[in-house]
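Reader: Before we look at anything in detail, could you take me through how aromatic pairs, burial and interfaces are to be read?

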Amino acid sequence: MVEVLELTAMPTALRLYAKALAPGRRPHVKAGLPEREIRLIGHRSTVGEVSAYDQVCGFVLTDRLPATWLHVLTFPLQLTLMTAPGFPLGLAGLVHVSNSMVQHRPALVGEALDLSVRAENLRPHRRGVLVDLVGEARVAGEPVWQGRSVYLNRQQTLAGAPAGGETSRSRGPLAAGSGKQGGSGFDVEAQSSSLSSTVEPSSTPAGSPTGPDTATLHTAGWWRLPADLGRRYAAVSGDVNPIHLSAVAARALGFPRTIAHGMCTHARVLASLQARLPDAYEVSVDFLKPVLLPSTVRFAAAAQPHGHRAQLTNRTGDKVFLTLSLTG
Amino acid sequence: MAALRNAVIVGGNRVPFGRIGGAYRSATNLDLLTAAIDGLAGRFGLAGERIGEVGAGAVLKHSRDFNLTREAVLSSALSATTPAYDVQQACATSLTAAVQLSSRIRVGQLDVAIAGGVDSASDSPIAVNDRLRRKLLRLNAAKTPFDRVKTLASVRPSDLTPEVPQAAERRTGLNMGQHQALTTLQWGITREAQDELAAASHHNLARAWADGFFDDLVTPYLGQSIDQSLRPDTSIEKLAALRPVFGDGVDASMTAGNSTPLSDGAAVVLLADEEWARQRSLPVLARIVDAETAAVDYLLGDEGLLMAPAHATGRLLTRNQLALQDFDLYEIHEAFASTVLCTLAAWESDEYCRDTLGLGGALGSIDRSKLNVNGSSLAAGHPFAATGARILATLAKLLAERGSGSRGLLSVCAAGGQGVVAIVEAV
């Protein structure tokens, strides 16, 4: 029986992060995930907040909400779920390793969206435990957007074979044809990734974005990501995770400087494809390495028969931060 | 030389115009122009198509937007291989773009083109003042930390006063309304006549919206589906109650009600070779027969700043051997109600047409029931560069409805003492 927790207003991430810091007992990860769904009914985005988000991420302001903005809307619901009693994983050190979204049809500015988030697919990983946070936006009962964020918790372990191959495949609304969902890992030590066991074999129609055919991508931009990008994105997205805002907090978690929000770099890549986005599409991203701020990253992209592939790397291209695959 | 082809207006698209600080306060020129182009692309199935050329522009423009139109094309559904350029002739921007591109189509250099304009009074650029700008440039060029500190230390609080763009003439310091107030006085235009014209503009535009006339000329944007400045329930009595804002003393007659509001918006028109359009089963509404641009000496001469269209009209009619009365419709941009009335008065003046325009005599009066029949800028709003394209698309559709051969005269005045007048004819 799924317990439904219906919110009356959009929660603020700041309060939820503060709550996450408060000491409290958590059930052991072996107990599994609580059967719970967080909902917010009839949420409307305003032109002002979408415009501010668009300007930071590079979208042109249209009536259509960027898919990544719908993630932003469900993110406080994710935090609500993960800080509610009975959730086995702590927020501290939680790493967003991959994200996939399906846009069924454009969601519009000012449209009343019913938002929901649940957690599923708790599974072992070589470096800890993976969990999927699955979000959905509906309009009058009809799903317009679904998103799956895969998070890695490195404080916990779970008995069993580490996720890899088919076992990392997430079940759920995105399973059909959406490709990588629980796949690759986030190399927090910023060394060459040895997580190949978690990278699925080519599962997207046009091949894995991390596959050998990345050579066909062509450089489409050098992006200067400024030192205050974390603060600017936090201001428009509400994600005030200190690792993106303060060098002190970043150092406490093992990074020399602040790091960019993964969903911010994702949004910028999606924004550069905005003019070519069809009404309905699927997009998957793997966050392979953190992007330290400030830095200049190389954006490379290629059109393919049914969409686009893209990646962000360092200048030389030997360090891949993000890969994206879009079909539609 | 090969015979000239027929360049036709296929249709137009615009966003509903917004009031300053209104529905589009968060939108940039790039956002607005992209929305207008995308709406046009959607209406005529141009997604992924390479258009011969897109010419558009803005009057209030950020320095980063030097390539605004090309950027909008890249953000739009049009093929990224569509070339584009920016054009700027104040309030005549998009009409000038349409005239130029239409000529390119006629001589066979292009098959299809988009002309347009955009302006956002809400998102207007604010520049640092000249003293600070020079110091910042010096700071940027400074080689040593000492030079940098020295330059920074030279910044005075007074340097921080920003420069806000104004609708003021650079050479006279008078804003557009103050200039027009002088012309209004010169031509003896009454307050009552101005308010009457303003009320008619609102009522005509409201009727056109209610009739669904704009259904295929406008695409809603950011939740706005009708022109935000439109007041269907305004009246001559209500307008008469407003205080004058331009001009001095008892003779001041120009109010916020009979002057155009500052606005945000974008408009585009699709132009094509007639054959090209017919092969694709696209509508063929009208064509630009001819156009004339005039400029007046408003500095040392005694001509009003916004009187250039009167000059352009005289030359255009002479060249085309037409009388002012040979038109089914007249579209005169309502920068101010009195601009329209001064233009009409000028055409009616024997003395002015003879002595100032060098014509044989007065061009005469027009049937006022044929003037701005579906409203104009007083009611719709006036995002400067977008206005020409708004009027051209409206006029083309109105003429097409009246049938082949019906003829319209389109007049737009512009800052700097300029004006563009075009003859448009239903195909």
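Author: What follows takes up the rings, then the two chains, then a few single residues. This is a predicted model, in which local features need pLDDT of at least 70 and side-chain atom pairs count only at pLDDT 80 or more, whereas totals for chains, interfaces and linings use all residues. Residues are numbered from 1 along each chain as its sequence is written, chains are lettered from A and ligands numbered from 1 in the order in which they are written, and side-chain values use heavy atoms, with hydrogens and water left out.

Reader: How many aromatic pairs does a search of the whole structure find?

Author: A pair of aromatic rings is described by the distance of the centres and the angle of the planes. The rings of Phe, Tyr and Trp (its six-membered ring) pair if their centres lie within 6.5 Å, and planes under 30 degrees apart count as stacked, over 60 as edge-to-face and the rest as tilted. Over all chains, the search finds ten such pairs.

Reader: Why is the pair of Tyr53(A) and Tyr233(A) called tilted?

Author: The planes of Tyr53(A) and Tyr233(A) stand at 55°, with the ring centres 6.2 Å apart, so the pair is tilted. It links distant parts of the chain, since Tyr53(A) is in helix H2 (residues 47–57) and Tyr233(A) in helix H4 (residues 229–237) of chain A, 180 residues apart; helices (H or I, at least four residues) and strands (E, at least two) are DSSP runs, numbered from the N terminus. Together with Phe59(A) and Trp69(A), these two tyrosines form one aromatic cluster.

Reader: Are Tyr53(A) and Tyr233(A) buried or exposed?

Author: Buried means under 20% relative accessible area, exposed over 50%, and partly exposed in between (1.4 Å probe, protein chains only). Tyr53(A) has a relative accessible area of 0% and is therefore buried, and Tyr233(A), at 2%, is buried as well.

Reader: Which aromatic pair should I look at in chain B?

Author: Trp209(B) and Phe214(B) form a tilted pair, 4.9 Å centre to centre with 45° between the planes. Trp209(B) counts as buried at 15% relative accessibility, and Phe214(B) is buried at 3%. A charge sits over a ring if NZ of Lys or CZ of Arg is within 6 Å of the ring centre and within 35 degrees of the ring normal. Arg14(B) lies over the face of Phe214(B), at 5.3 Å from the ring centre, and its charged end also sits over the ring of Phe17(B), 4.5 Å from the centre.

Reader: How many salt bridges does the rule find across the interface of chain A and chain B?

Author: The size of an interface is often given as the accessible area lost when the parts come together. Here the buried area (accessible area lost, 1.4 Å probe, summed over both parts) is about 960 Å² between chain A and chain B, with carbon and sulfur atoms giving 52%. Ten residues of chain A are in contact (heavy atoms within 4.5 Å) with 17 residues of chain B. The rule finds zero salt bridges (a side-chain nitrogen of Lys or Arg within 4 Å of a carboxyl oxygen of Asp or Glu) across the interface of chain A and chain B.

Reader: Where is the place of His125(A)?

Author: His125(A) is in strand S4 (residues 113–125) of chain A, and it is buried, with a relative accessible area of 6%.

Notes:
Buried area is the accessible area (1.4 Å probe) that two parts lose on being put together, summed over both.
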